[in-house]
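Got the viewer open? Let's take a walk through the empty and filled spaces in this protein, one selection at a time.

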Amino acid sequence: MQDITPKPQPRASRLKGRKVVVKFGGSSIGGEGAVQDFAKDIALLASIGIHPIVVHGGGPEISQEMSKRGLKVSKVAGLRVTDDATLQVAAEVLEHINEQLVDALRRAGIRAVGMSGVEDRLLVCMKMHPAVVKDDQGNQMLVDLGHVGEVIEANTAKLDRLVKEGNVPVIYPICASAEGDRMNVNADTAAAHIAKAVKAEEFVLVTDVPGILRDFKDPQSLIREVSLEQLDELIREGVVRDGMIPKVEACRLAVEGGVKAAHMVSGKEKDAIVNQLLSGDNVGTRITK
Ligand SMILES: Nc1ncnc2c1ncn2[C@@H]1O[C@H](COP(=O)(O)OP(=O)(O)O)[C@@H](O)[C@H]1O
Ligand SMILES: [Mg+2]
């Protein structure tokens, strides 16, 4: 199927027959060959009997397409403010990325099945409450995020069936409310809800940084192991911000929901997903209770 260099994989037998949810980050998708490398990593996991479930975002691509159409990009606490036009662009771009990922996985020998969070009510959401932000003077104000959903229910019967039949589901986070209104859900958050609901053994967030950095301009400052309690401190200190906030909250949700470990790795680093999960070396950040 592919050329795989044998490496010591002490964790492989523990993950055999288990589900692992892998979220592929928007920022890491665009890179040269990144999608192909990602597909190879997923194929390797599947080849040793792990059941991967892929969730992806598309942040940079959505922002790029919005600029092309003359729409203003606005984010609050790492979440995209989503008006009607933004939702339309997000849905189109995510669907397109989904097709690309499914194709790449199929070329790597995987039976990939693309779907959104709307399908079979996979992720039911409600409109998120307005976000509290501080203006330049330090005054608190409320910002309505528009069509941004908060997940209230996960129905994974279809996912479980697909996985059992040997498929790899590839999910993009456009979801719907109980009333059928479409909403944009942060992909990290969507992935965490899925990881929890399918009782995944582990959860991996693939992004454009090696993991949580103490100083995010310095890759050497990578935090390799962190507990949920220590995460609170990193948020309080302002070390974790922007897009990293939904990421650490997603890891918290997954780990508190029974997932044994959550990881962050860089999509730009070759073999990072496989090494982090299987070799026992922390090439990224490992988050446990
Ligand atoms: N402490 C931190 N360590 C690493 N990255 C951080 C940190 N705080 C904020 N970030 C930012 O979070 C970004 C990752 O989130 P995001 O841009 O949403 O990526 P993705 O598309 O993978 O969700 C990094 O590129 C970085 O700019
Ligand atoms: Mg993000």
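The tour of this predicted model starts at the ligand, widens to the pocket and ends at a cavity.

**Stop 1: the ligand.** Select ligand 1 and show what surrounds it. You should get 17 residues, with Thr 207, Asp 208, Leu 213, Val 239 and Lys 247 the closest. Colour that shell by class and you'll find six nonpolar, six polar and five charged residues. Now switch on the cartoon: helix H2 (26–29) and helix H9 (244–256) each put at least two residues into the shell.

**Stop 2: the polar contacts.** Zoom in on the side chain of Thr 207, where a polar atom lies 2.7 Å from an oxygen atom of ligand 1. Next, pick Asp 208, which has a polar side-chain atom 2.9 Å from an oxygen atom of the ligand. For Arg 241, turn on the backbone: there a backbone N or O atom lies 3.3 Å from a nitrogen atom of ligand 1. How much of ligand 1 does the protein cover? On its own the ligand has 570 Å² of accessible area, and the protein covers 85% of that.

**Stop 3: the pocket.** Hide the ligand for a moment and look at the space it takes, which is the largest pocket. Its volume is about 840 Å³. To find the middle, select Ser 27, Lys 75, Gly 78, Gly 243 and Lys 247, which lie nearest the centre among the 38 lining residues. Which elements give two or more residues to this lining? They are H2, helix H4 (59–68), strand E4 (79–80), helix H7 (187–197) and H9. You've met Lys 247 already, as one of the residues closest to ligand 1. Colour the pocket lining by class and it splits into 17 nonpolar, 13 polar and eight charged residues.

**Stop 4: the cavity.** Bring the whole structure back into view. A search of all of it turns up one cavity of 30 Å³ or more. About 70 Å³ of space lies inside the largest cavity. To get there, select Phe 38, Asp 41, Gly 267, Glu 269 and Ile 273, the residues nearest its centre out of the 13 that line it. Then highlight helix H3 (34–47) and helix H10 (272–279), each of which supplies at least two lining residues. H3 gives the largest share, with four residues. A last recolouring by class shows six nonpolar, two polar and five charged residues around this cavity.

How values were computed: Residues are numbered from 1 along each chain as its sequence is written. Chains are lettered from A and ligands numbered from 1 in the order in which they are written. This is a predicted model: local features need pLDDT of at least 70, side-chain atom pairs count only at pLDDT 80 or more; totals for chains, interfaces and linings use all residues. Side-chain values use heavy atoms; hydrogens and water are left out. A residue is near a molecule or strand if one of its heavy atoms lies within 4 Å of it. A polar contact is a pair of N or O atoms within 3.5 Å; within protein, one must be able to donate a hydrogen and the other to accept it, and residues adjacent in sequence count only if both atoms are side-chain atoms. Accessible areas come from the Shrake-Rupley method with a 1.4 Å probe; for residues, only the protein chains shown count as cover. On a 1 Å grid over the protein atoms alone, a cavity is a set of points where a 1.4 Å probe fits but cannot get out, and a pocket is an open set with protein on both sides within 12 Å along at least five of seven lines; lining residues have an atom within 4 Å of a point. A molecule sits in a cavity or pocket if more than half of its atoms lie within 2 Å of its grid points. Ala, Val, Leu, Ile, Met, Phe, Trp, Tyr, Cys and Pro count as nonpolar, Asp, Glu, Lys and Arg as charged, and the others, Gly among them, as polar. Grid points are joined across faces, edges and corners, and a volume is the space filled by probe spheres set on the points.
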